[in-house]
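Visitor: I'd like to go through this one with you and ask why things are called what they are called. Could you show it to me?

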Amino acid sequence: MEFIIKSKALYTTWVFYKPERVLFDAGEGVSYVLGNKIYGIEKIFLTHSHVDHIAGLWGIINTRNNAMGSRNKKLEIYYPKGSKDIVEYLGFIEKMNKGLRYPLEIHELSLSEIVPLNSKRFLKPFKTRHTPGEISFGYQILEKRKRLKPMYRDYPQDVIKDLIVNQKKDILEEYVANILTITGDALPISPEFIKNCDTLIHECTFFDESDRKIRNHTSLPELKKLIKVEPPRRLIVYHVSSRYNRQINKVKNELNLEFPHIEIEIVHPERVTKI
Ligand SMILES: [Zn+2]
Ligand SMILES: [Zn+2]
């Protein structure tokens with residue numbers, strides 16, 4: 001299992017990405033649902049300050065201090081630079097939870113920064129368009145990898161081996177693989193952030209464009225347009241409005257027919273989804 005996700009537009013959204021022990025957003029109920037798994041979280045990345053994405057932070061911080069588990073493990077929280085409401089909310093939580101038994105580190109993240117995750121992977125923020133006047137970030141998890149330089153790709157295996165072992169030739173090049181891109185609440189993101197993307201987690205609050213009164217969330221036609229331009233290997237659709245609860249399967253089947261080469265999941269607003 002890679003992901004545990006709860007996402008119901010307006011109510012709560014959080015995504016636990018187990019391989020990197022990262023939590024994206026911390027909507028209401030996150031510590032209640034994850035239980036002892038909250039000790040597995042090392043870093044929390046917040047996308048923006050709306051209550052359905054941050055209300056569960058206080059619960060996580062407080063529960064980690066008091067529940068049974070490794071109480072001395074460090075917790076890091078990252079938020080978009082300039083998000084005044086998040087700063088205030090974190091200030092309040094710190095005031096209410098003086099004398100924490102574990103180190104709590106709070107980092108303001110600017111767009112030029114990267115955050116190392118493990119030996120090879122790192123996280124990079126990018127700007128999204130959501131609510132005017134409200135700073136919002138999406139995030140990419142990237143990994144440095146090596147592959148054969150294009151001119152050597154058709155060589156047989158034994159020749160490659162000889163070039164490396166005996167001739168000590170430098171036939172490899174470094175490249176950056178896009179492991180995961182997650183949007184938070186946003187209008188469709190720019191295709192540049194999902195080039196050769198393995199897993200894209202994109203919000204789609206509205207299946208029907210006519211239900212959207214203000215243009216600050218993605219609609220299904222817009223999301224389809226994006227993945228036609230830059231198809232990921234896997235698409236996880238989240239932040240769906242619960243008005244579509246009965247249409248989830250139908251829409252999933254339609255997407256599967258239209259995009260047979262993309263693995264598609266839709267996070268049901270009423271369920272905790274494990275992928
Ligand atoms: Zn939201
Ligand atoms: Zn929002």
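Guide: What follows is a round of questions about labels, each answered from a value and a cut-off.

Guide: Some ground rules: this is a predicted model, where local features need pLDDT of at least 70, side-chain atom pairs count only at pLDDT 80 or more, and totals for chains, interfaces and linings use all residues. Residues are numbered from 1 along each chain as its sequence is written, chains are lettered from A and ligands numbered from 1 in the order in which they are written, and side-chain values use heavy atoms, with hydrogens and water left out.

Visitor: What makes D52, H53, D185 and H239 protein donors of the zinc ion (ligand 1)?

Guide: Distance. Donors are N, O and S atoms within 2.8 Å of the metal (3.2 Å for Na, K and Ca). Here D52 (OD), H53 (NE2), D185 (OD) and H239 (NE2) lie 2.2 Å from the zinc ion (ligand 1), so they qualify. One caution: water is not among the atoms, so sites may look incomplete.

Visitor: Why is the site of the zinc ion (ligand 1) called irregular?

Guide: Four donors count as tetrahedral if all angles lie between 85 and 135 degrees; four count as square planar, and six as octahedral, if opposite donors are over 155 degrees apart and all others between 65 and 115; anything else is irregular. The angles among the four donor atoms of the zinc ion (ligand 1) run from 88 to 159°. The upper end is outside the tetrahedral range, and the site is classed as irregular. For reference, ideal angles at a metal are 109.5 degrees for four tetrahedral donors.

Visitor: Which protein donors does the zinc ion (ligand 2) have, and what are the angles there?

Guide: They are H48 (NE2), H50 (ND1), H130 (NE2) and D185 (OD), lying 2.1 to 2.3 Å from the zinc ion (ligand 2). Their angles span 93 to 163°, and this site is irregular too. In sequence, the donor residues are spaced H-x1-H-x79-H-x54-D.

Visitor: What makes D185 a bridge?

Guide: D185 coordinates both zinc ions, which are 3.7 Å apart. For the zinc ion (ligand 2), the pair of H50 and D185 links distant parts of the chain: H50 is in the loop between β4 (43–45) and α2, D185 in the loop between β10 and β11, 135 residues apart. Helices (H or I, at least four residues) and strands (E, at least two) are DSSP runs, numbered from the N terminus.

Visitor: How do you know whether D185, H53 and H50 are buried or exposed?

Guide: Buried means under 20% relative accessible area, exposed over 50%, partly exposed in between (1.4 Å probe, protein chains only). D185 has 3%, so it is buried. H53 has 0%, so it is buried as well. H50 has 24%, so it counts as partly exposed.

Visitor: Why are the buried residues of α7 said to line one face?

Guide: Those of helix α7 (residues 248–258) are I248, V251 and L255. Seen down the axis of α7, they fall within an arc of 70°, so they line one face. The arc is that of the directions from the helix axis to the C-beta atoms. An α-helix has 3.6 residues a turn, so residues three or four places apart point the same way. The face turned away from the buried side of α7 carries the exposed residues N249 and L257. What covers the buried residues of α7 includes α6 (220–229) and β13 (263–266), contact meaning heavy atoms within 4.5 Å.

Visitor: What makes β8 and β9 a pair?

Guide: Two strands pair if DSSP finds at least two bridges between them. Strand β8 (residues 121–127) and strand β9 (residues 137–148) run antiparallel and are joined by seven bridges, so they pass. K127 has F137 in β9 as its bridge partner. β9 and β10 also pair in the antiparallel sense, over ten bridges.

Visitor: What is notable about the phi of L10, and is L10 buried or exposed?

Guide: Phi of L10 is near 80°, a positive value in a residue other than glycine. L10 lies in the loop between β1 (3–8) and β2 (12–17). At 69% relative accessibility, L10 counts as exposed.
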